[in-house]
Amino acid sequence: MRECFEVRDTDAAGRIGELTVPRADVTVETPALLPVINPNLDTIAPRRLATEFGAEILITNSYIIHETEDVRERALEDGLHDLLEFPGAIMTDSGSFQLSEYGDIGVTTEEILEFQREIGSDIATPVDIPTPPDVDRERAETELETTQERLELAEGVETGDMLVSAPVQGSTYPDLREAAGRHADSTSLDVFPVGAVVPLMNDYRYDDMIDVVAAAKRGLGADAPVHLFGAGHPMMFALAAAMGCDLFDSAAYALYARDDRYLTVRGTRHLDDLDYLPCSCPVCTEHSPDDLRALPDDERESELGAHNLHVTFEEIRRIKQAIRAGNLLELVEQRARAHPTMLDGYRTLLDHAAQLERSDPVSKGSFFYTSAESARRPEVLRHHRRLERLAVPDSLLVTEGSSPRGDEFDDSWRVEPPFGPFPRSLSKSYPLTAEVPDRTDRAALEAAADGVARLAAANPDADITLGHRGWPDGVLERVADAVDVVDLSRE
C-alpha cells in the first residue's frame, strides 16, 4: 500500500482521495487541479491561486528554473516556496517536455532530481521520454525501455521526504501502456503521470486518450494516484476523472487568456465573439465583454486568466460532488454533448465498462437513463452478470409491468429496459429503481433483451417466456431461441 494516497469515495473509476505530501506538510484532496506556473511569467500570482481560488497544489518546471541563472540562484538561496510565494504543495516537471520539443536537454535524471530536492520541490519528476502518439512500435518500445531505466535510477536518488513521480509512457499502444503502468507500480515511486497525451487532446482525440489512460490504469494498483499530464481544458476533466485520473495540471487558463479566449465547460469562445458573459464568477459579474475588450493587454489577460481559473476550479468541485452523489457518469454525459469528439470519448469510456465496474459502488442514488449510451453503463453490465447467480424456477414469465397470465407460471419476474429481468422483490433495489423515459429507445430494449438471453443461457432447463409490449423484431432476435415470446400489447 502507498501510504501517501488514500481513496475515500468512488464512482465509476473516479475517486475522491487524499494525497499526503509530507515535505509540504499538506494533504491535497483529489481530484485536484495543478495550475501551471511559468517562473518567468506571472499571469496569476501563485499566492492568489491559494487565497482566491483555493489551489492546494501547483506545478512548475524545474528545468526552466535550472536553465535561468537568476531564477536558479534565487530558488537555491530562498527555496521554491519563497520564490513563488505559495503556501501549498509544489510539484516540479523535469524538462521532459523540452526534450520532446528540442530533442536534447543538458541534464540527467539524477541531476534534475537532486536539483528539485535542493530547491525545495515537494513532488519531483525524473527525465522520462514522452513518446508521441502513432509512432512505430519499435520506437515506442525503445523509448519506454529508456523511461523505465530512468525510473529505476530515480529510485536510487536520495530524495528525503520529497515524493517522486513515475511517468507512464508507451505511445498509443495499450499493451505498452499497461506494461509501463505495471512497471511503474512495482517501483517505490509515489505519483503516476500518464504522459505524452497532450497531442491527443490538442487533436481532440478523446477516444484515444481514454484508451491510453484505461491501459495505464490496468497496470497500476488501486492505491496509485494518477496524474493526467497536460490535461488542459475543463470540458474533459469529468471524462478523465471517470476513467480514474486524480490530478490535472493545466496551463490553459493562462495560454488561452493570452489569446483572448474565454473558457466554458462546453468549449472555448473568443472574447470578440461574445455579446454576454455566460458565467457568474467575479470577473463576469463585474465586467461586460466590452469592458474586458477595452482593458490594456496585461489587465485583460489577467482578468481572462482569472475567469478561466474560476471555471476550471468550479468544474473540479462539481466533479467531486458528482462522485460523492454517485452521478459522475451523468455529468460525463452532459459534457459529452458539448462536442462530437467528447461523445467519442464517452463511448470509448463505456467500452471499458467492465474495468469501471470493479470500482463502481453497488448502490447509489438514482440511475438516470438519458441516452442510448446509458444502456452500456457499468450498472447494466453488473446486473447482467448477477443474472447468472439468480435461482430460476422451472417455468418463469418475465414481463414488462404486470400480466394476467402470471398464474400460468411458477413465478413472474419483471423485465425493465435497459437491465432486463429480475425478481419483483428486487424492484426497490439499486439500480432497478432507474428513471427511464416512457419513450424507451432501441438501445435500452436491446440491453434488456440481452439480459433475458443471458438468463436463459444460464438456465437451459428452465422454460422462460418473455412478455413484451411491442418490441421490434430486430430486438427480439437477440433473445435466445429457447425463450417463448408473447406480445402483451396484442392481448
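Let me begin with a distance: in this predicted model, the centres of domain 1 and domain 2, taken over C-alpha atoms, are separated by 43 Å. The two domains come from a division of the chain in which domain 1 covers residues 5–357 and domain 2 covers residues 372–487.

Now, where do these two parts meet? On one side, 13 residues of domain 1 are in contact, and on the other side they touch 8 residues of domain 2. The size of an interface is often given as the accessible area lost when the parts come together. Here domain 1 and domain 2 bury about 1100 Å² between them, and 47% of that area lies on carbon and sulfur atoms. Within domain 1, the residues that lose the most area to domain 2 are L329, L350 and E357, which together account for 46% of what that side buries.

Let me stay with E357 for a moment, whose side chain meets that of R385 in a salt bridge, with 3.2 Å from N to O. Between domain 1 and domain 2 the count is 6 salt bridges, and there are also 7 residue pairs in polar contact, with both residues at pLDDT 80 or more.

Which elements of domain 1 give two or more residues to the side that touches domain 2? They are α16 (328–336), α17 (340–351) and α18 (353–357), and the largest share, 5 residues, comes from α17. If we sort the residues on this side of domain 1 by character, we find 7 nonpolar, no polar and 6 charged.

How values were computed
Residues are numbered from 1 along each chain as its sequence is written. This is a predicted model: local features need pLDDT of at least 70, side-chain atom pairs count only at pLDDT 80 or more; totals for chains, interfaces and linings use all residues. Side-chain values use heavy atoms; hydrogens and water are left out. Domain bounds come from an automatic or database domain assignment. Contact means heavy atoms within 4.5 Å. Buried area is the accessible area (1.4 Å probe) that two parts lose on being put together, summed over both. A salt bridge is a side-chain nitrogen of Lys or Arg within 4 Å of a carboxyl oxygen of Asp or Glu. A polar contact is a pair of N or O atoms within 3.5 Å; within protein, one must be able to donate a hydrogen and the other to accept it, and residues adjacent in sequence count only if both atoms are side-chain atoms. Helices (H or I, at least four residues) and strands (E, at least two) are DSSP runs, numbered from the N terminus. Ala, Val, Leu, Ile, Met, Phe, Trp, Tyr, Cys and Pro count as nonpolar, Asp, Glu, Lys and Arg as charged, and the others, Gly among them, as polar.
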